[in-house]
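Reader: I'm new to protein structures and would like a close look at one part of this one. Please start from a single spot and then show me how the rest fits around it.

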Amino acid sequence: MAFDFSTLQGLLRRSLAGNGAGAALEVDGKTTSYRELAGRAYAVCQAIVRHQAPSDEFVAVFGYRTVGVYAGIVGIVLSGNAYVPLNPNFPAERLKAILTRSTCKTLVLYEECAGVFARAAGDVQSLTVICPEPGDRCRELATLRPEHRYVFLDGSSPPETAGRPATPDKPAYLLFTSGSTGVPKGVAVSHANVCDYLRTTIDRYQVTTADRLTQMFDLTFDLSVHDIFVTFIAGACLCVVPESAVMSPAKFIAERRCTIYFSVPSVAMFMSKMRMLRPDRFPTLRLSLFCGEALPLRSVQLWQDAAPNSIIENIYGPTEATIAITNYRWNPETSPAECINEIVPIGWPYPGHRVRLVDQKESTVADGELLLAGPQVTTGYFRDPDKTAERFVRLPDDPTTLWYKTGDLARQDPRGCIYYLGRVDDQIKIRGYRIELQEIDRAIREAAGTDLAVSVPLGLEQGRADAVCAFVQGHRDDVLAQSVMDHCKQILPEYMVPRDVRFVEHLPLNVNGKINRAALMEATNA
């Protein structure tokens, strides 16, 4: 039976009905079948349908990466609503801002997050709070926060198509990314957007019920959407990496015999630093995907040795273009020569999608800002017309096409292959010279012998900096620091050579596991 990729809701109904006894989830060593997942998901679905106002279309889900939370996400989609994930580790003010901006009036809450919700609810509008696994903490909320209405569930429900029908143009999920003004930006991804991605992905990688996919992304990071729905639609098993192993999942991958791996490159960089990527460490992997930040050549080569049976692909895409929209398949023989600044290319656009590189006047160039168009590209920021107008544009020579301006600098060769060069806002000037920080990163990493190194501008103001500083993860090593400086002096112009080399026990990472250059800049320039 062929898949109908009209809506995510329809895809999930079909999979839950057809994969009953198969393993859907492995969390904390416990396996959950599709039959059990369906029962818990439909219980959430039916509670939403009974208690939600007909005009509402967004439901928040508040919890860690547990079986219940995955069931809650599926239940929200089954109900015909879009899910809005909340990270319990976010500051209370950010949680309140997201709840307010999302217009959610219904929230699915799990026991372990009851205390955080009590602190974060604050002056948020009255909510209907659905508790699928109520315990003492959830029940105490009725006293602590009586302004909300509480619905306590007592188990699973039989599969029913009780939710209102979703349509391709309606949102499937709403994520909030960081905003330059400090206010989170909402990106509502439609069923059509995400289904186009899922159709391409499941077909390209031939995901089947025999596959075991890793899940290590925070649920507010759009790469988690790939993990969850590629797995559940294909009837595969989602292997949830424990929080304690998210940056070093080598043992987990091997013990759980995972077949498909997906992470940001920083994880591979960290495992390389810890000498976890020994040859043939991951013989069961048949596919390894990296996305979210620049992928260093050295990390891919070590990963290929550790996973000799795996295809490796570097995929690229901002949240606004639904998870990923270009891909590059690694070839051990030819790919090293194709890297720029020892960074793996991001490749070619997915079928039906277009890319264009433009300069500041929006004229097409070979090197410039990367623009994206196609069925995965969303239509703008959630209820933010000003920000939408800045990033979603129509070009004078192509007025019928909506293009998303990524803010990424790229190059395209005659074959159409795209090379990531850095962020537009990572391009700085020192003494009038235009500089790409990625080029300095490469020099530092070569000399330090690690990918866990990064350059940070000093005294940055309106794109101009006094100099750059090198940061390397590890203990203070004066000999290595001098070696880094000497190497940079040999291959970089004088104005690009770091002023000094600093060592940190751990490079700061953001919630999605990416090296947080902004945090280093803030600390350095404070």
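Author: Let's start with a word we need right away: two residues are in contact when they have heavy atoms within 4.5 Å. The model is predicted, so local features need a pLDDT of at least 70 and side-chain atom pairs count only at pLDDT 80 or more, while totals for chains, interfaces and linings use all residues. Residues are numbered from 1 along each chain as its sequence is written, and side-chain values use heavy atoms, with hydrogens and water left out.

Our spot is Thr-388. Setting aside neighbours within four places in sequence, Thr-388 is in contact with Thr-379, Gly-380 and Tyr-381. Thr-388 belongs to helix H13, which covers residues 385-391; helices (H or I, at least four residues) and strands (E, at least two) are DSSP runs, numbered from the N terminus. With a relative accessibility of 16%, Thr-388 counts as buried, where buried means under 20% relative accessible area, exposed over 50% and partly exposed in between, using a 1.4 Å probe on protein chains only. Lys-185 is 203 residues away from Thr-388 along the chain, yet their C-alpha atoms are separated by 10.0 Å.

Now step a little further along the chain, to strand S20. A salt bridge is a side-chain nitrogen of Lys or Arg within 4 Å of a carboxyl oxygen of Asp or Glu. Asp-398 makes one with Arg-354, and their closest N and O atoms are 3.1 Å apart. Because Asp-398 sits in strand S20 (residues 398-412) and Arg-354 in strand S17 (residues 354-358), this pair ties together parts that are 44 residues apart in sequence. Asp-398 is buried, at 10% relative accessibility, whereas Arg-354 is partly exposed at 38%.

Strand S20 takes part in another such pair: Lys-405 forms a salt bridge with Glu-362, with 3.7 Å between the closest N and O atoms. Here Glu-362 comes from the loop between S17 and strand S18 (367-373), Lys-405 comes from strand S20, and the two are 43 residues apart. Lys-405 is buried at 18% relative accessibility, while Glu-362 is partly exposed at 26%.

A pair elsewhere spans a longer stretch of sequence. Arg-65 and Glu-243 meet through their side chains in a salt bridge of 3.0 Å, N to O. Arg-65 is in the loop between strand S3 (58-62) and helix H3 (67-78), Glu-243 is in the loop between strand S11 (237-240) and helix H9 (250-255), and their positions lie 178 residues apart in the sequence count. Arg-65 is buried at 10% relative accessibility, but Glu-243 is exposed at 58%. Salt bridges also join into a network that links Glu-26, Arg-212 and Arg-256. The count of salt bridges comes to 28.

What about empty space inside? The structure holds two cavities of 30 Å³ or more. On a 1 Å grid over the protein atoms alone, a cavity is a set of points where a 1.4 Å probe fits but cannot get out, and lining residues have an atom within 4 Å of a point. The largest cavity has about 70 Å³ of space. Residues lining it include Pro-296, Arg-298, Glu-342 and Arg-445, and helix H14 (residues 437-448) gives the most to this lining, with four residues. The lining of the largest cavity divides into two nonpolar, two polar and six charged residues.

The second largest cavity has a volume of about 30 Å³. Its lining is made up of Pro-85, Phe-90, Ile-98, Leu-175, Phe-176 and Thr-220. These divide into five nonpolar, one polar and no charged.

Finally, let's step back to the whole protein. There are 16 helices and 26 strands. The radius of gyration is 23 Å, close to the 24 Å that the globule rule gives for 526 residues, so the protein is as compact as a globular protein of that length; this radius is taken over C-alpha atoms, and the rule is 2.2 Å times the number of residues to the power 0.38. Along the principal axes, the C-alpha atoms fill a box of roughly 70 × 50 × 50 Å. Buried residues, Thr-388 being one of them, make up 59% of the 526 residues. Among contacts between residues at least 6 apart in sequence, 66% join residues at least 24 apart.

How values were computed
1 Å grid on protein atoms, 1.4 Å probe; cavity = no way out; pocket = protein on both sides within 12 Å on 5 of 7 lines; lining within 4 Å. Points joined across faces, edges and corners; volume = space filled by probe spheres on them. Nonpolar A, V, L, I, M, F, W, Y, C, P; charged D, E, K, R; others polar.
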